[in-house]
Amino acid sequence: MPWVIKMKYRLRELRKEAGLSQKQVAQYLACSQSAYSRYEREKSILYAKDAVKLADLYHVSLDYLAGLTVRRDPYPRSRRK
């Protein structure tokens, strides 16, 4: 699969497209800028709850965020309560 890319590139690409700084994204995730920087450099594991928040922030699917697909569209939310 030649289109599979590393998550760190997606995190940086999406953040820059949104016009956000690492500090702003870190504040959104309630972590430090240095902690978020480690996510972008893949020096720290991105927690699932933070990945979900980032996918929601950027309006993309988790698969896109992880570099597993080129399709950005988030999956439809379940109507179950």
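User: How do the axes of H1 and H3 cross, and how close do they come?

Analyst: Start with the two helix axes and the angle between them. In this predicted model, the axes of H1 and H3 come within 7 Å. They cross at roughly 125 degrees. That makes H1 oblique to H3, because an angle of 65 to 115 degrees would count as roughly perpendicular and one over 145 as roughly antiparallel.

User: Which residues of H1 and H3 meet?

Analyst: On the H1 side, take Lys8, Leu11, Arg12 and Arg15. On the H3 side, take Tyr36, Tyr39 and Glu40. Sorted by class, the contact of H1 with H3 has three nonpolar and four charged residues, and no polar ones.

User: How many helices and strands does the chain have?

Analyst: Five helices and zero strands. Read along the sequence, the pattern is α-α-α-α-α.

User: Now to charges. How many salt bridges are there in the whole structure?

Analyst: First the general idea. Side chains of opposite charge can pair when their charged atoms come close. A search of the whole structure finds eight salt bridges.

User: Which residue forms a salt bridge with glutamate 42?

Analyst: Lysine 6 does, with the closest N and O atoms 3.8 Å apart. The pair links distant parts of the chain, 36 residues apart. Glutamate 42 sits in the loop between helix H3 (33-40) and helix H4 (48-58). Lysine 6 sits in the segment before helix H1 (7-17).

User: Why does glutamate 42 count as partly exposed?

Analyst: Look at relative accessibility. Glutamate 42 is at 36%, and partly exposed means between the buried limit of 20% and the exposed limit of 50%. Lysine 6 also counts as partly exposed, because its relative accessibility is 46%.

User: Where do arginine 10 and glutamate 13 lie?

Analyst: Both lie in helix H1. They are three residues apart, about one turn of the helix. Their side chains meet in a salt bridge, at 3.6 Å from N to O.

User: Is arginine 10 buried or exposed?

Analyst: Arginine 10 is buried, with a relative accessible area of 5%. Its partner glutamate 13 is partly exposed, at 31%.

User: Which residues are linked with Arg10 and Glu13 in a network of salt bridges?

Analyst: Glu17 and Arg72. The four are linked in a network.

User: What does aspartate 73 form with arginine 71?

Analyst: A salt bridge, with the closest N and O atoms 3.5 Å apart. Aspartate 73 is partly exposed, with a relative accessible area of 43%. Arginine 71 is exposed, at 56%.

User: Let me try one residue on its own. Where is aspartate 50 found?

Analyst: In helix H4. Aspartate 50 is buried, with a relative accessible area of 3%. To read its surroundings, set aside the neighbours within four places in sequence. Aspartate 50 is then in contact with Leu29 and Tyr39. Tyr39 also appears in the meeting of H1 and H3.

User: How far apart are aspartate 50 and cysteine 31 in sequence and in space?

Analyst: In sequence, 19 residues. In space, 9.8 Å from C-alpha to C-alpha.

User: Last, the chain as a whole. What share of the 81 residues is buried?

Analyst: Buried residues make up 31%. The accessible surface comes to about 5800 Å², and 54% of that belongs to carbon and sulfur atoms.

User: What percentage of contacts with a separation of 6 or more do residues 24 or more positions apart account for?

Analyst: They account for 51% of those contacts.

Technical notes. Residues numbered from 1 in each chain as written. Predicted model: local features only at pLDDT ≥ 70, side-chain atom pairs only at ≥ 80, totals over all residues. Heavy atoms only, no water. Helix = DSSP H or I, 4+ residues; strand = E, 2+ residues; numbered from the N terminus. Buried < 20%, exposed > 50% of the residue type's maximum accessible area, 1.4 Å probe, protein only. Contact = heavy atoms within 4.5 Å. Areas by Shrake-Rupley, 256 points an atom, 1.4 Å probe, with all protein chains shown as cover. Axes fitted to C-alpha atoms, helices over the stretch in contact; angles between N-to-C directions. Parallel < 35°, antiparallel > 145°, perpendicular 65-115°, else oblique. Nonpolar A, V, L, I, M, F, W, Y, C, P; charged D, E, K, R; others polar.
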